[in-house]
Amino acid sequence: MAGMTHITNNPPTSATALPQWGYKAMLLGAAAIWGLSTCIIKDTVAVFPPAWLMGIRFFLAGILLLIIFRKRIAQCLNREMLVAGAIIGLVLAPAYLLNTSGLQFTTASKGTFLTGTYSIMVPFIAWAISKQRPTRYNIAAALLALAGIGFISFSGAGEISLTFGIGEAIMLASAFFLGLHMAVSARLSDGRDALALSAIQFIVAGLIGMAWGAATEGTPNLTTFADPSVFAGMVYLVVFASCGALCFQNIGIKHVPAAPAALLLSTESLFGVTFAVLFFGDTLTITAIIGFALIAFGIAVSETFPLKKGSSQ
């Protein structure tokens, strides 16, 4: 993958590029959307098979992007675009298959904590793929963010230790593929239209999810979506958590280095707790406040000290 030749023709782009803070705002927006999606997925997999849920979610998201942006996507489709999108989709599929399935076997707090470990993995995966060596500031910032995620995740769980079982193993594997997806997307998005790449990877991941569901879960009961809450949850996952948030991520990581991008996305747990407090009646604890402060400090470290390519500092 690292040696894949980039296309030289420029895809359709807007006349004016966003300022750097605009792309960072996209990453924060994605984190906010995903902060609410964990509760929705947790509720939905209780009544609908996880692989089918993941497959239908991404397939419909890809089709929706193709319909809305059909002219733009048609202009930049070529063999290399299809190959790049398929590769990214092959990484996206296991990330979300594992994440969706893992929520059946562990608590939301543990799942959030273990999924958030991708913020530590990304700089090292990006180093392996793109040869961009992480600085000591990247490492320190990632560790601060991870500690903050831990405080937030366990703020209302009443736990002082992490029991490691099958659910936790699945979520940790999901974190690795999420980090790999981010690094691979950053590597292969160079010179390619982000919306076209998103549509292709969504359809590939969706087909993989549905194929895996057909092989392991049988035929799903689609009448489940007659329940208004289940239907609304799927709409949110397709339109906002997939089309919206992942497109924000895919566009943002083209313009923000992998390490600070991962840290901005790690604020998902911060938003998740905030939404839980505002809309689900959860109580904000001292440990959650400590977690907020640690994540904010980690982002400040990442933003204050610039990346130094090829440096061990």
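Two residues are in contact here when they have heavy atoms within 4.5 Å of each other. Keep that in mind for the whole tour, and remember that you're looking at a predicted model.

**Stop 1: the whole chain**

Start with everything shown as cartoon. You should find 13 helices and 0 strands, so to speak an α at every step of the pattern α-α-α-α-α-α-α-α-α-α-α-α-α. Now think about contacts between residues at least 6 apart in sequence: 91% of them join residues at least 24 apart. If you colour by accessibility, 52% of the 313 residues count as buried.

**Stop 2: helix 4 against helix 9**

Select residues 79-102 for helix 4 and residues 194-216 for helix 9. Their axes come within 7 Å and cross at roughly 45°, so the pair is oblique. The crossing is right-handed. Put sticks on the contact residues: from helix 4, pick Met81, Leu82, Ala84, Gly85, Ala86, Ile88, Gly89, Leu90, Leu92, Ala93 and Leu97. From helix 9, add Ala196, Leu197, Ile200, Gln201, Phe202, Val204, Ala205, Ile208, Gly209 and Trp212. What classes of residue make up this contact? There are 17 nonpolar, 4 polar and no charged ones.

**Stop 3: helix 4 against helix 8**

Keep helix 4 on screen and swap in helix 8, residues 166-188. Here the axes come within 8 Å and cross at roughly 160°. Angles over 145 degrees count as roughly antiparallel, so that is the label for helix 4 and helix 8. This crossing is left-handed. On the helix 4 side, the residues to show include Ala84, Ile87, Ile88, Val91, Leu92, Tyr96 and Asn99. Across from them on helix 8, try Gly167, Ile170, Phe177, His181, Val184, Ser185 and Leu188, among others. By class, the contact has 17 nonpolar, 6 polar and no charged residues.

Ala84, Ile88 and Leu92 deserve a click: they appear in the contact with helix 9 and also in the one with helix 8.

**Stop 4: zoom in on Ser185**

Finish on Ser185, in helix 8. Is Ser185 buried or exposed? Its relative accessibility is 3%, and buried means under 20%, so Ser185 counts as buried. Draw a distance from its side chain to the backbone oxygen of His181 and you'll get 2.7 Å. Then look past the sequence neighbours within four places: Ser185 is in contact with Ile88, Asn250 and Ile253. Ile88 is the helix 4 residue you have already had selected at both helix pairs.

Note on methods. Residues numbered from 1 in each chain as written. Predicted model: local features only at pLDDT ≥ 70, side-chain atom pairs only at ≥ 80, totals over all residues. Heavy atoms only, no water. Axes fitted to C-alpha atoms, helices over the stretch in contact; angles between N-to-C directions. Helix = DSSP H or I, 4+ residues; strand = E, 2+ residues; numbered from the N terminus. Parallel < 35°, antiparallel > 145°, perpendicular 65-115°, else oblique. Left-handed = near helix turned anticlockwise from the far one by under 90°. Nonpolar A, V, L, I, M, F, W, Y, C, P; charged D, E, K, R; others polar. Buried < 20%, exposed > 50% of the residue type's maximum accessible area, 1.4 Å probe, protein only. Polar contact = N/O pair within 3.5 Å; in protein donor to acceptor, adjacent residues only side chain to side chain.
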